[in-house]
Amino acid sequence: MRFLAASDIHIGRIPSLPAAHPDASGRGAWEAVVRCAVDRGVDALLLLGDVVQAETAYFEGYGPLRKGLATLAEKGIPVFAVAGNHDPSVFQRIAGEAQGLTLLGAGGVWESVPFKGLTLCGWSFPDKHVARSPLEDFQAPAGVPWLGLLHCDLDGPPGSRYAPVASAELERTGGDWLLGHIHQAGPRRYPRARYCGSPFALDAGEEGRHGAWLLDIEPGGLPDWEWVQLSPWTFTTLDVDLDGTDTLDAAKERIAAALLAAAA
């Protein structure tokens with residue numbers, strides 16, 4: 001069984017990039033996610049929240065979302081999603097009318113659905129601010145393999161209002177988790193929980209890789225994780241040693257050589 005998992009697409013967000021690009025938007029990121037799901041022939045697409053930037057971006061997100069969901073439905077690819085802090089009401093409204101989309105845990109109540117021998121467990125933001133851990137109410141399904149979907153602030157600062165969760169809480173569940181909210185992808189302290197990150201880097205501060213997770217899960221086995229790069233660009237901080245350069249031209253040559261080496 002194969003899943004593609006993505007989060008924090010932020011359709012409707014105005015990107016902050018140093019140069020214009022036709023795909024430099026949340027809409028471009030969403031279209032890339034849909035293409036990847038179709039090209040990889042996944043059994044389902046999993047969305048981990050903040051698909052739409054905000055309530056004020058409802059109409060910016062409505063058309064692209066409906067078009068992408070229609071494409072996935074035509075290919076027989078269902079979509080399971082949870083809402084994040086940016087799109088609790090927007091996503092719930094779209095989910096109510098879109099074909100092939102199942103929103104899990106609407107209203108901040110845990111919900112589980114079976115899918116091809118696996119149980120998907122999800123919780124959605126009921127409002128843009130949630131100051132307590134959603135895992136306080138979570139009960140892992142008994143006797144069946146399951147996968148958790150959650151938009152949360154994992155090991156965040158004290159007083160977080162974005163569903164604060166501690167790694168120890170996730171570990172106590174004993175399961176595998178896909179997470180949204182943090183735009184940098186990868187595992188944290190609990191290695192069986194992974195942030196999807198944002199598919200495209202829409203800000204120079206969003207360094208590192210950006211894309212989606214491809215999961216292959218055999219019944220009763222652990223997921224096989226594969227990273228899929230989707231962003232057409234990567235931001236990184238590059239330190240260049242300018243010791244020994246005493247002219248501007250010499251400094252430029254040193255910097256250009258470092259840039260070429262880093263790009264290679």
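User: Which side chain makes a polar contact with the side chain of His 183?

Analyst: Ground rules first: this is a predicted model, where local features need pLDDT of at least 70 and side-chain atom pairs count only at pLDDT 80 or more, while totals for chains, interfaces and linings use all residues. Residues are numbered from 1 along each chain as its sequence is written, and side-chain values use heavy atoms, leaving out hydrogens and water. A polar contact is a pair of N or O atoms within 3.5 Å; within protein, one must be able to donate a hydrogen and the other to accept it, and residues adjacent in sequence count only if both atoms are side-chain atoms. For the side chain of His 183, the partner at 3.2 Å is the side chain of His 10.

User: Where does His 183 lie?

Analyst: Helices (H or I, at least four residues) and strands (E, at least two) are DSSP runs, numbered from the N terminus. Contact means heavy atoms within 4.5 Å, and beyond four places in sequence His 183 has contacts including Asp 8, Arg 13, Glu 206 and His 210. Its place is the loop between strand E10 (176-180) and strand E11 (186-187).

User: Is Trp 213 buried or exposed?

Analyst: Buried means under 20% relative accessible area, exposed over 50%, and partly exposed in between (1.4 Å probe, protein chains only). Trp 213 is found in strand E13 (residues 211-216), and its contacts outside the four nearest places in sequence include Phe 3, Leu 4, Arg 194 and Trp 225. Its relative accessible area is 3%, so Trp 213 is buried.

User: Which residue's backbone oxygen does the side chain of Trp 213 reach?

Analyst: Trp 213 has partners from far along the chain: its C-alpha is 6.7 Å from that of Ala 6, 207 residues apart in sequence. The backbone oxygen reached by its side chain, at 3.0 Å, belongs to Tyr 195.

User: Which element gives the largest share of the largest nonpolar core?

Analyst: A nonpolar core is a set of buried Ala, Val, Leu, Ile, Met, Phe, Trp, Tyr and Cys residues joined through side-chain atoms within 4.5 Å. The largest one has 40 residues, with Leu 4, Trp 30, Leu 47 and Phe 91 touching the most other members. Elements supplying at least two residues each include strand E1 (2-6), helix H1 (26-39) and helix H2 (58-74). The largest share, seven residues, comes from H1.

User: What relative accessibility does Ile 77 have?

Analyst: Ile 77 is placed in the loop between H2 and E3. Its C-alpha is 5.1 Å from that of Ala 44, 33 residues apart along the chain, and Val 38, Val 42 and Leu 72 are among its contacts beyond four places in sequence. Ile 77 counts as buried because its relative accessibility is 5%.

User: Which strands stand at the edges of the six-strand open sheet?

Analyst: Two strands pair if DSSP finds at least two bridges between them. The order is E5-E6-E7-E10-E12-E11, with mixed pairing; inside it, E10 and strand E12 (residues 193-195) run parallel over three bridges. One side of each edge strand has no neighbour in the sheet, because each has a single partner strand: these are E5 (111-115) and E11.

User: What radius of gyration does the protein have?

Analyst: The protein's C-alpha trace spans about 70 × 40 × 35 Å along its principal axes. The radius is taken over C-alpha atoms, and the globule rule is 2.2 Å times the number of residues to the power 0.38. For 264 residues a compact globule would come near 18 Å, which agrees with the protein's 20 Å.
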